[in-house]
Amino acid sequence: MNGERTYLDWNATAPLHPEARAAIERALDVFGNPSSVHVEGRRARAIVETARDQVAALVGARPSEIVFTSGATEACNMALSAPWGAIVRAGIEHDAVLKPAAQSGSEIVDLRVARDGVVDVEDLTNKTRAAIARHGAGRVLLALQLANNETGVLQPAGKATEIAHEAGAVVFSDAVQAAGRIPVDFAALGVDAMAVSAHKLGGPKGVGALIVRDGFELPALLRGGGQERRRRGGTENISGIAGFGAAAEAARQTIAERWRIAAQRDRLEAGLVGLTPDAEIVGASAERLANTTCVAVPGLPAETVVIRFDLAGFAISAGAACSAGKIGASSVLPAMGLPEATARSAVRISLGPTTTDREVDRFLVAWRDIASATHKRTAAA
Ligand code: PLP
């Protein structure tokens with residue numbers, strides 16, 4: 001594990017931002033319970049409320065709409081666990097959406113996704129309206145992510161929200177990969193609830209938020225002391241929330257730098273295709289996050305590629321690496337109609353605000369050595 005490491009797996013998690021670290025360290029000394037009325041309690045409360053303002057500012061929400069949680073998985077579970085008659089969603093959603101939906105007892109309505117990774121809006125319109133006809137207005141949840149964790153493909157969430165609301169459905173959006181990378185405006189988007197996670201944007205792990213539109217109510221998933229205005233019981237994770245707030249504030253700067261990251265990503269992709277001409281950049285024709293490349297080289301198993309790159313000093317991933325230790329076929333790519341073989345060979349390279357041009361160059365040199373060599377060997381076998 002010695003030697004230079006190059007981290008190109010920012011969609012799995014981001015390194016802790018220095019501002020977040022400083023905020024966490026400061027908050028660790030504030031030991032009061034934010035629910036207490038005394039000075040110690042009020043100091044802790046002030047930290048939580050500052051972070052609430054910072055997170056709200058990042059995503060265009062009101063501070064009163066932020067419900068701090070233990071991460072985006074909890075936030076997604078909270079939105080999906082209400083007693084919906086039907087949940088309308090596509091197979092490209094993260095497991096944090098798919099699994100609670102599957103276990104909710106609600107009818108699951110599956111949406112068609114085009115080969116570029118974008119949900120079929122006509123199908124969404126028809127199926128949402130039909131679900132409303134079966135279950136009634138307000139009883140159907142449309143769950144549509146803003147950006148995909150594996151491909152970076154963006155969804156037409158604003159348009160879909162308009163359609164779903166017109167039909168009488170409620171809309172939830174998983175904005176985990178979008179927040180801090182592209183401008184996200186909760187109010188303008190019009191969704192009823194949205195999930196974000198601190199650790200994808202330079203905050204600590206194990207903290208996130210469900211953003212719930214003022215006036216819209218979701219039942220609490222965790223019931224207890226009535227914290228977060230009775231929407232999430234449990235004494236607040238003060239230092240984690242402080243780190244989330246500071247990271248959210250810092251991420252506003254990152255958003256402005258996305259063009260630089262996009263230029264690095266474009267150069268990376270041109271290099272990959274130049275070195276392995278049969279490489280497919282998944283979702284390349286769709287609007288995507290600036291930092292994400294999902295590349296599949298036919299016949300080149302993703303596991304092999306990821307392990308060889310790791311040994312050579314590069315962190316990249318195969319499939320949805322958000323799930324513990326998972327190396328295996330992606331479920332997102334089959335949902336896009338891509339063949340199993342493509343899914344098995346897809347690796348994700350995701351850049352971040354501190355990725356340098358030199359790291360991109362080094363990666364391309366390693367790709368020439370590893371991917372092209374492995375590819376030739378596999379092809380010859
Ligand atoms: N949704 C998406 C799109 C993700 O990429 C992740 C990553 O882990 C999650 C939800 C879950 O977030 P968390 O790790 O905060 O639970």
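Thr-128 counts as buried because its relative accessibility is 1%, where buried means under 20% relative accessible area, exposed over 50% and partly exposed in between (1.4 Å probe, protein chains only). This is a predicted model, in which local features need pLDDT of at least 70 and side-chain atom pairs count only at pLDDT 80 or more, while totals for chains, interfaces and linings use all residues. Residues are numbered from 1 along each chain as its sequence is written, and side-chain values use heavy atoms, with hydrogens and water left out.

**Thr-128 and its helix**

- Thr-128 is found in helix α5; helices (H or I, at least four residues) and strands (E, at least two) are DSSP runs, numbered from the N terminus.
- Leaving aside neighbours within four places in sequence, Thr-128 is in contact (heavy atoms within 4.5 Å) with Val-88, Ala-164, Ala-167 and Ala-169.
- A polar atom of the Thr-128 side chain lies 2.6 Å from the backbone oxygen of Leu-124. That's a polar contact: a pair of N or O atoms within 3.5 Å, where within protein one must be able to donate a hydrogen and the other to accept it, and residues adjacent in sequence count only if both atoms are side-chain atoms.
- Other buried residues in α5 include Val-121, Leu-124 and Ile-132.
- On the packing side, the buried residues of α5 sit against β3 (86–90), β4 (107–111), β5 (140–143) and α6 (157–167).
- With 15 residues (121–135) at 1.5 Å a residue, α5 should span 21 Å, and its end C-alpha atoms are indeed 21 Å apart; the expected span is 1.5 Å times one less than the number of residues.
- At the start of α5, a side-chain oxygen of Asp-120 comes to within 3.0 Å of the backbone nitrogen of Glu-122.
- Right after α5 comes Gly-136, with a positive phi near 95°.

**The ligand**

- The ligand is surrounded by 12 residues, and the closest are Thr-73, Asp-174, Ser-197, His-199 and Lys-200; a residue is near if one of its heavy atoms lies within 4 Å.
- One ligand oxygen is 2.5 Å from an N or O atom in the side chain of Thr-73.
- A ligand nitrogen is 2.6 Å from an N or O atom in the side chain of Asp-174.

**Val-184**

- Val-184 is found in the loop between β6 (170–174) and α7 (186–189).
- Val-184 counts as buried because its relative accessibility is 7%.
- Not counting residues up to four places away in sequence, Val-184 touches several residues, among them Leu-58, Leu-146 and Met-194.
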